[in-house]
Amino acid sequence: EEPIYFPSKIRVGRSGAKTVAFASEIFPGNSRISLILGTAGQGKSVFLRYLCLRELDLDGYLPLFVELRKIDKQTNLQQLLTDSLSNLGIGKLNADEILKLLIKSGKTKIFLDGYDEISREFSLRTKSEIIKLTRNNDKLKILITSRPGAISQHLSDSVDICQYEIAPISASEHGAFFEKIGTNIETKNRL
């Protein structure tokens, strides 16, 4: 059965939009953190999950997906990363140590969904954790999604980040989009 995923396109600055199939395509040069911005409902989370799943197609790689909205007083980024490993059935007894080894090996990318969904009181702590992870692990690449705004701007102002935007679906793509999601012809024509 064919998946219903309709490929998102991303835009860098004022350049045209391009389709991305693998996370490695949005880490130009030596960049190690990429931030994908998009408004509510634009498909940031689905796009990030898609890229994470595509990473599994690469031999020897184990991507880690984390929903940042789960960060609170008791739960930090490190805990969510070890939980992600444990949920995969890896390192239930020694997840912290396995996480360190995996990150050091360069055989993982970390996919952080919803930076804007972190409560303001925990955003600085999380930003510090992200910076520490990349400073201490020169092979690690992190992909983050967020809505535009003060919190994501604070992150991108203080860290060397490649920033992208989810491009809106163009008028020429409307028909293919509606067909992909199974919209009937009458509804498609009306829209």
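Biologist: How many disulfides does the structure hold?

Modeller: Zero. A disulfide here is a pair of cysteine sulfur atoms within 2.5 Å. Before we go on, this is a predicted model, where local features need pLDDT of at least 70, side-chain atom pairs count only at pLDDT 80 or more, and totals for chains, interfaces and linings use all residues. Residues are numbered from 1 along each chain as its sequence is written, and side-chain values use heavy atoms, with hydrogens and water left out.

Biologist: Why does Cys-52 count as buried?

Modeller: Buried means under 20% relative accessible area (exposed is over 50%, partly exposed in between, with a 1.4 Å probe and protein chains only). Cys-52 has 9%, so it counts as buried.

Biologist: And what makes Cys-162 buried?

Modeller: Its relative accessible area is 19%, so Cys-162 is buried too.

Biologist: Why are helix 2 and helix 3 called roughly perpendicular?

Modeller: Angles of 65 to 115 degrees get that name (under 35 is roughly parallel, over 145 roughly antiparallel, the rest oblique). Helix 2 (residues 77-87) and helix 3 (residues 95-105) pack at about 95°, so they are roughly perpendicular to each other.

Biologist: Which residues make that contact?

Modeller: With contact meaning heavy atoms within 4.5 Å, helix 2 brings Gln-78, Leu-81, Thr-82, Leu-85 and Ser-86, and helix 3 brings Ala-95, Asp-96, Ile-98, Leu-99 and Leu-102.

Biologist: Which residues of helix 2 meet helix 4?

Modeller: Leu-77, Gln-78 and Leu-81, which meet Glu-129, Ile-130 and Leu-133 in helix 4. Helix 2 and helix 4 (residues 120-136) pack at about 65°, their axes 9 Å apart.

Definitions and conventions: Axes are lines fitted to C-alpha atoms, for helices over the stretch in contact, and angles run from 0 to 180 degrees between N-to-C directions. Helices (H or I, at least four residues) and strands (E, at least two) are DSSP runs, numbered from the N terminus.
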